[in-house]
Amino acid sequence: MTATLPLWATDLTVFDTETTGIDTNEARIVSATVALLGDGGDVKERYDWLLDPGVEIPAAAVQVHGISTEIARTSGIEASVGVRQIVEQLLEMIERGFPVVAYNAPFDLSLLSAEAARHGVPLPRELAPVIDPLVLDKQLDRYRKGKRTLEAVAGHYGVVIGNAHDAGDDAIAAGRVLQHIATKYADVIPGELDELHQAQIGWAAAQAASFQDYMRRVRDPSFVADGRWPLR
């Protein structure tokens, strides 16, 4: 991979969370990982958190990630402390020059933004550069049939996920997927991180508009797809 991997994709910060739910305004972070991947997808640094979210973790969420309220309360750190540490680590990685890779970035970054506001932790609204393998995969292989979940896309690119819905394994898999995409489409992906970040803003908006049009035609005439990226 290193022979053809673009320079901008050789060192990547990867980020993922597991949560109490899917509403980014109301859900709380239960676990999170920030890691640094090298050019072969190797893990050079890794930081993991288990948080006590301060609320009950619904059974549906426990079925996804396996972290119960009891586990979180017994072994997790206070949410305000964990959120501050996560934000500080992400910002440090960006300051060191490493882009943040997050699969379906608007979910994890919007959730983190809401948590930061909830606990009084400063977080810039304009986080950049961010790279979203989901947006890139949809843009660069738009006519491929099948699901675009992380598990499905990882399988397409031959990336193995250790434990799906584990923040660490998902984050690392997303980074490796991104490196495969960057290698395969090196000749068409913008070569500068700032340019790539800006391109994804437009691509995400166009993808949402296309999905909204489809849903209104086949299912719900009032359906709205939010195309804001990387935060909503």
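This is a dialogue between a trainee and a mentor about reading a few features of a predicted model.

Trainee: Let us begin with the strands. Which way do strand 2 and strand 3 run, and how many bridges join them?

Mentor: In this predicted model, strand 2 (residues 29-37) and strand 3 (residues 43-52) run antiparallel and are joined by seven bridges. To follow the register by eye, start from Val34, which stands opposite Tyr47 in strand 3.

Trainee: What lies between the strands of that hairpin?

Mentor: The hairpin of strand 2 and strand 3 has five residues between the strands, and among them you will find Gly41, which takes a positive phi near 80°. Gly41 also takes part in a contact with another element, since its backbone nitrogen is reached at 3.2 Å by the side chain of Gln179, a residue found in helix 7 (residues 167-184).

Trainee: Is Gln179 buried or exposed?

Mentor: Gln179 has a relative accessible area of 0%, and because buried means under 20%, Gln179 counts as buried.

Trainee: Which strand does strand 3 join in parallel?

Mentor: Strand 3 runs parallel to strand 4 (residues 77-78), and two bridges join them; here Leu51 stands opposite Ile77 in strand 4.

Trainee: Let us turn to the aromatic rings. How is a pair of aromatic rings described?

Mentor: A pair of rings is described by two quantities, namely the distance of the centres and the angle of the planes. The structure holds one aromatic pair. This pair is formed by Phe211 and Phe223, with 5.4 Å centre to centre and 90° between the planes, and it is edge-to-face. The pair links distant parts of the chain, with Phe211 in helix 8 and Phe223 in the segment after helix 8, 12 residues apart.

Trainee: Why does Phe223 count as partly exposed?

Mentor: Phe223 has a relative accessibility of 22%, and because the partly exposed class lies between under 20% for buried and over 50% for exposed, Phe223 counts as partly exposed. Phe211, at 41% relative accessibility, counts as partly exposed as well.

Trainee: Which residues form a nonpolar patch on the surface with Phe211?

Mentor: Phe211 forms this patch with Tyr214 and Val218, and together they have about 290 Å² of accessible area. Val218 has its place in helix 8 (residues 193-218) and is partly exposed, with a relative accessible area of 46%. When you inspect the patch, remember that Phe211 is also a member of the edge-to-face pair with Phe223.

Key: Residues are numbered from 1 along each chain as its sequence is written. This is a predicted model: local features need pLDDT of at least 70, side-chain atom pairs count only at pLDDT 80 or more; totals for chains, interfaces and linings use all residues. Side-chain values use heavy atoms; hydrogens and water are left out. Patches are made of residues with over 30% relative accessible area and no salt bridge: like charges are joined within 9 Å, nonpolar side chains (Val, Leu, Ile, Met, Phe, Trp, Tyr) within 5 Å. Accessible areas come from the Shrake-Rupley method with a 1.4 Å probe; for residues, only the protein chains shown count as cover. A salt bridge is a side-chain nitrogen of Lys or Arg within 4 Å of a carboxyl oxygen of Asp or Glu. Helices (H or I, at least four residues) and strands (E, at least two) are DSSP runs, numbered from the N terminus. Buried means under 20% relative accessible area, exposed over 50%, partly exposed in between (1.4 Å probe, protein chains only). Two strands pair if DSSP finds at least two bridges between them. A polar contact is a pair of N or O atoms within 3.5 Å; within protein, one must be able to donate a hydrogen and the other to accept it, and residues adjacent in sequence count only if both atoms are side-chain atoms. Rings of Phe, Tyr and Trp (its six-membered ring) pair if their centres lie within 6.5 Å; planes under 30 degrees apart count as stacked, over 60 as edge-to-face and the rest as tilted.
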